[in-house]
Amino acid sequence: MNKNELYRDIPKVDVLLESEAVAGLIGQYGRSLVMEAIREQTERLRRFIRETEDETAARAELAGLTRSIAAYLKTLRQPRVRKVINGTGTILHTNLGRAPISRDQAQKLAEIVTGYSNLEYDLEGACRGERYAHFEGLLCRLTGAEAAMVVNNNAAAVLLTLSTLARGGEVIVSRGELVEIGGKFRIPDVCQQSGAALREVGTTNKTHFSDYQQALTDETKAILKVHTSNYRIVGFTESVDASELAGLAHERGLPMIEDLGSGVLVDLEKYGLTHEPTVQESIRAGIDVVCFSGDKLLGGPQAGIIVGRKEYIQRMKRHPLTRALRVDKFTVTALELVLLEYLDPDRVARNIPALRMLSETEQSIRERAERLRELLKQSCHSADIDLRPCQSQVGGGSLPMERLPSCGVSIWPWAMSTQALERRMLDMPVPIVPRVADDHILLDMRTVDSEDLPVIAEMLGEVLG
Ligand SMILES: *Cc1c(COP(=O)(O)O)cnc(C)c1O
């Protein structure tokens, strides 16, 4: 093959720029990006010619130059964070962004963040305000606490609480509650980071009231209880009630702190789930500071919510770390909107997506599965499509033992492996993240929105048509 001739046939930059196709790209992406794409793609083409001995392939690459320039630009301008369809059935999937907010909430959020807002402005007093003021009253009303504030996430909430209340002293924690959650949040490490020394008491399975009593010294600054949100110790076990510990702490004038992890505001038993300790119960038990996540079972944006006694919360608001951990207008706005939904306990499960998915009946999920199966039967002619009973998980390190009966759509492709189909699904315009179970692709319909059914059928039809 004559490589020199091929090199000569690569169009010059100015020729490319004058072509109609490339001129169209300039209108769409701007001149400097188009120049970059031309440079990159002609360089890639030269390399290809240098390394190949296949003239037909080289000619094909040459003919496709404008197309590869367009593809380069398209990839470059496509946001990397994208909508995906969650077919895993895990409701609070940390890798998939945990709790979604509703469309209605998102629309209200868009109105606020596309302009200015009174984020830190007190409209009544016409002066500087506090960003926590927007939902402090609401959080107090919902939880029964005296005061509230919010930081970046619950890890930050625990760090700030211990830094403010226990730095330079000891904090007592049961050995059964030295939790690690995903992303390397570990109670001993957070404690160390806060400048408080961890005083472990009891054993992995049993901690008694007397263990706490005996550990109290002049160095003690607080007692901490951690909800073992992502594991359970079962069998020969014992732990001490938060209210008893609060009594012990208060005898010594110490704060009683609780890291609740997920922090629910509604009794999940209402929806047939295992009881998960609520924030209200902790406040009623006399806990002075309770912290929990905004994007776990609460169903809101990522946030760390701290509620409790005014004197302690006031000290936290003034702590220098607070500025570094503070929430922005997106979080403040979305959190207030989500909290407002809790004012109506009868409708909260309908208006907060995470709670809606959590409380949806198997029957209702099955109806959605049947609809998808019918759509898939029309678009996919080279796969077995069936309904399968399955079990969903809560996720987000909450209710680890809970399995929710659900219904899935299983797909068994005839002409490719399940792994290959999974790969294709992840590469789709709207990627679908499925579950792979005994050589089937399974879409657990609990976490799939009915609005997405037509697009799922269309995209799968292109692969399995
Ligand atoms: C999830 C969790 C955290 C961390 O919360 P994030 O909001 O993810 O930072 C801390 N403590 C417990 C017990 C948890 O379950």
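A residue counts as near the ligand if one of its heavy atoms lies within 4 Å of it. In this predicted model, 13 residues surround the ligand, and those that come nearest are Ala155, Ser229, Asp259, Ser293 and Lys296. By class, this shell is made up of four nonpolar, six polar and three charged residues. Two elements, the helix α9 (154–165) and the strand β11 (256–261), each contribute at least two residues to the shell.

Polar contacts to the ligand can be followed residue by residue. At Ala155, a polar backbone atom is 2.9 Å from an oxygen atom of the ligand. The side chain of Arg98 places an N or O atom 3.0 Å from a ligand oxygen atom. For Asp259, the partner is a nitrogen atom of the ligand, which lies 2.6 Å from a polar side-chain atom of the residue. On its own the ligand has 380 Å² of accessible area, and the protein covers 95% of it.

The chain as a whole is assigned three domains: domain 1 (3–77), domain 2 (85–93 + 358–464) and domain 3 (101–351). Domain 2 is thus listed in two segments, 85–93 and 358–464. Between domain 1 and domain 3, the C-alpha centres are 55 Å apart.

Aromatic rings offer a further point of interest. With ring centres required to lie within 6.5 Å of each other, the count of aromatic pairs is zero. A charge over a ring does occur, however: Lys206 lies over the face of Phe236, at 3.7 Å from the ring centre.

Note on methods. Residues are numbered from 1 along each chain as its sequence is written. This is a predicted model: local features need pLDDT of at least 70, side-chain atom pairs count only at pLDDT 80 or more; totals for chains, interfaces and linings use all residues. Side-chain values use heavy atoms; hydrogens and water are left out. Domain bounds come from an automatic or database domain assignment. Rings of Phe, Tyr and Trp (its six-membered ring) pair if their centres lie within 6.5 Å; planes under 30 degrees apart count as stacked, over 60 as edge-to-face and the rest as tilted. A charge sits over a ring if NZ of Lys or CZ of Arg is within 6 Å of the ring centre and within 35 degrees of the ring normal. A polar contact is a pair of N or O atoms within 3.5 Å; within protein, one must be able to donate a hydrogen and the other to accept it, and residues adjacent in sequence count only if both atoms are side-chain atoms. Accessible areas come from the Shrake-Rupley method with a 1.4 Å probe; for residues, only the protein chains shown count as cover. Helices (H or I, at least four residues) and strands (E, at least two) are DSSP runs, numbered from the N terminus. Ala, Val, Leu, Ile, Met, Phe, Trp, Tyr, Cys and Pro count as nonpolar, Asp, Glu, Lys and Arg as charged, and the others, Gly among them, as polar.
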